[in-house]
Amino acid sequence: MDISMVKFDEKGLVPAIVQEENGQVLMLAYMNEESLKKTLETGYTWFYSRSRQKLWNKGETSGNVQKVKEISYDCDGDTLLVRVHQSGVACHTGTYSCFSGRRLGENEKSVAVVPEEPQSSLANVLNDLYEVIRDRQVNPVEGSYTNYLFQHGQDKILKKVGEEAAETIIASKNMDRKEIAYEMGDLWYHCLVLLAFHNLSPEIVFRELRNRRNGGSYHKFEGKTGNRPEMGYMEEEIKRFLNATDMKEGHPTEAERQIPPPPPEVPVPPDARVVRLPEPGLLPDKEVNFLEMVEMRASIREYSDKELTLQELSFLLWCTQGVKMALENGGTMRTVPSAGARHAFETYLLVHRVEGIPAGLYRFLALGHALLPIANGEEADAAMIPGFKAQNMVKNSAATFLWCADYRRMSHRYGPRSARYVFLDAGHVCQNLYLAAYTHQIGVCAIGAFDDEKLNAALGFDGENDFVVYGAAIGKMA
Ligand SMILES: Cc1cc2nc3c(=O)[nH]c(=O)nc-3n(C[C@H](O)[C@H](O)[C@H](O)COP(=O)(O)O)c2cc1C
């Protein structure tokens, strides 16, 4: 994009309309030249906040980042259209779009100047009917059949859905076109009542169908749309996740099928030269007031240029993944809790400033308390840094930890439930890092916002059996 084509106003600003790839308008914000350049450089949106009078990177703290797909300027060059892939929700109020549920003059004919798209009429009919059903739900009407259904509850509604489906089948088998339309009308109405019963809007079903049509590429965590606060897609996803990872019986895990477990650590190539880490106990034990430490802990994103000592790094690795005891069954007991003591993480370290070892990418070998060098500094940065989006703290960190799942170590024992456990485990690990680092005036900032694809590719992970779960940047406090 040629920035000289953009006309900034007298305050140096240009409005930027942000639109999701699927066409939905998400928000309007302002850019100045610097934020536009940063957006172009990083591939993520940066704006200029008129109230705070500074640049802001959308989603920096919330993780609701916007990956830029395309930026265009309008015919006058005084407005930008930024097409993005939105992670999470765009609006600070928690709705998917800043325009969700805020329609003006809904009942005024003068507002409806845009003719309806013919293909949206089905959605309109269903939405209108659904609104009536919802209205009955909140404002019951004497003698209303809809209220009769709600009063009798879910089983009654389900029975009717079943009956109407059966009647539609019969009409179809009878090749009776009029009857098919009539029965399917009944079926759709009862399906809408069922949706209302679950406080779901038809929009969720529309989106699901669009998603399938787009070959599943439509991203899942879209949040809420529609004209009223509603149960969003996100909650649906969470329900699905909780259900899929419920402790169900009848799906024997690999352990139950007597399949041998994977080793407690990804094996080290036999000819590898590893860096032995100093004993963590060599570091003088700092006396800290525990309560003070818990209260004072905070995420630190700016670090001094000072190097960490190898002993400090050793201590932090010990506190986050240190093996206290290797068990006869191949498992390990460590300094952090882990579901079933599975300890399914491999810790990778992107090192920039640690005394005694060159910058580069390393893997922590917890069993031998050593580091396995993987790539030199330049190579490692080139491969890894783009995966952290615009989070400069990684580039400026003395080292960045990445906890990566060797998923079979968990799933061998727990099957689908493991999807919960690896993420729960990661929280414990990172909290230990925060607390241990605090005792030595080392700052930490957790990192959950990263580009899975890029980081997994940089580390040679397939994204299923092994994948990055969580990270944290560290450095001496400035
Ligand atoms: C799961 C999780 C993910 C996080 N991801 C990021 C991140 O990607 N970038 C960042 O700057 N901070 C990240 N943080 C740090 C939070 O922004 C921070 O904990 C929060 O603002 C509260 O501040 P405090 O840690 O100083 O109490 C993350 C924290 C957690 C717990």
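# A chat about two sheets and a ligand

Guide: This is a predicted model. Let's start with a pair of strands: E7 and E12 are antiparallel, and two bridges link them.

Visitor: OK. Which residue stands opposite Ala-370 in E12?

Guide: Arg-276 does.

Visitor: What sheet do those strands sit in, and how many strands does it have?

Guide: It is an open sheet of seven strands. The order is E7-E12-E11-E10-E13-E15-E14, and the pairing is antiparallel.

Visitor: Which strands stand at the edges?

Guide: Strand E7 (275-276) and E14. Each has a single partner strand, so one side of each lacks a neighbour in the sheet.

Visitor: Pairing how, by the way? What do strands of a sheet pair through?

Guide: Backbone hydrogen bonds, and the strands can be parallel or antiparallel.

Visitor: Let's go to E11. Is it mostly covered or exposed?

Guide: Mostly covered. Strand E11 spans residues 360-365, and six of its six residues are buried.

Visitor: Which residues are on which side?

Guide: Gly-360, Tyr-362 and Phe-364 are on one side. Leu-361, Arg-363 and Leu-365 are on the other. They are all buried, so both faces of E11 are covered.

Visitor: How many bridges join E10 to E11?

Guide: Four. Strand E10 covers residues 345-351, and the two strands run antiparallel. One residue to find is Leu-349: its bridge partner in E11 is Tyr-362.

Visitor: And how many bridges are there between E11 and E12?

Guide: Six, again in the antiparallel sense. Strand E12 is residues 370-376. Look for Phe-364, which stands opposite Leu-371 in E12.

Visitor: What do E11 and E12 form?

Guide: A hairpin, with four residues between the strands. His-369 is in the turn, and its phi is positive, about 45 degrees.

Visitor: Back to E10. Where is Tyr-348, and is it buried or exposed?

Guide: Tyr-348 is in strand E10. Its relative accessible area is 10%, so it counts as buried; the cut-off is under 20%.

Visitor: How far apart are Tyr-348 and Leu-459?

Guide: In sequence, 111 residues. In space, 9.0 Å from C-alpha to C-alpha.

Visitor: New topic: the ligand. Which residues come nearest?

Guide: Arg-297, Ser-299, Arg-301, Gln-391 and Gly-448, out of 13 residues around the ligand.

Visitor: What kinds of residues make up that shell?

Guide: Seven are nonpolar, three are polar and three are charged.

Visitor: Which strand gives the most to the shell?

Guide: Strand E14, residues 442-447, with three residues.

Visitor: Why is E14 called largely enclosed?

Guide: Because five of its six residues are buried, the rest of the structure largely encloses it. E14 also pairs with strand E15 (residues 466-476) over six bridges, in the antiparallel sense. In that pair, Gly-443 stands opposite Gly-475 in E15.

Visitor: Back to the ligand. What is 2.7 Å from one of its oxygen atoms?

Guide: An N or O atom in the side chain of Arg-301.

Visitor: And which backbone atoms should I look at?

Guide: Try Gly-448 first. A polar backbone atom there is 2.8 Å from a nitrogen atom of the ligand. Then go to Ala-449: one of its backbone N or O atoms is 3.0 Å from a ligand oxygen atom.

Visitor: How much of the ligand does the protein cover?

Guide: The protein covers 59% of its accessible area. On its own, the ligand has 610 Å².

Visitor: Now the sheet with E1 in it. What is the strand order there?

Guide: E2-E1-E6-E5. These four strands form an open sheet, and the pairing is mixed. Strand E2 (25-31) and strand E5 (66-73) are at the edges; each has a single partner, so one side is left without a neighbour in the sheet. On average, neighbouring strands are turned by 25 degrees against each other, direction ignored.

Visitor: How do E1 and E6 run?

Guide: Parallel. Five bridges join E1 (residues 14-20) to E6 (residues 80-86). One example is Ala-16, whose bridge partner in E6 is Leu-80.

Visitor: Last stop: where is Ser-172 found?

Guide: In helix H3, residues 145-173. Ser-172 has 36% relative accessibility, so it counts as partly exposed.

Visitor: How far is Ser-172 from Glu-183?

Guide: They are 11 residues apart in sequence, and 9.5 Å apart in space, C-alpha to C-alpha.

Notes:
Residues are numbered from 1 along each chain as its sequence is written. This is a predicted model: local features need pLDDT of at least 70, side-chain atom pairs count only at pLDDT 80 or more; totals for chains, interfaces and linings use all residues. Side-chain values use heavy atoms; hydrogens and water are left out. Two strands pair if DSSP finds at least two bridges between them. Axes are lines fitted to C-alpha atoms, for helices over the stretch in contact, and angles run from 0 to 180 degrees between N-to-C directions. A residue is near a molecule or strand if one of its heavy atoms lies within 4 Å of it. A polar contact is a pair of N or O atoms within 3.5 Å; within protein, one must be able to donate a hydrogen and the other to accept it, and residues adjacent in sequence count only if both atoms are side-chain atoms. Accessible areas come from the Shrake-Rupley method with a 1.4 Å probe; for residues, only the protein chains shown count as cover. Ala, Val, Leu, Ile, Met, Phe, Trp, Tyr, Cys and Pro count as nonpolar, Asp, Glu, Lys and Arg as charged, and the others, Gly among them, as polar. Buried means under 20% relative accessible area, exposed over 50%, partly exposed in between (1.4 Å probe, protein chains only).
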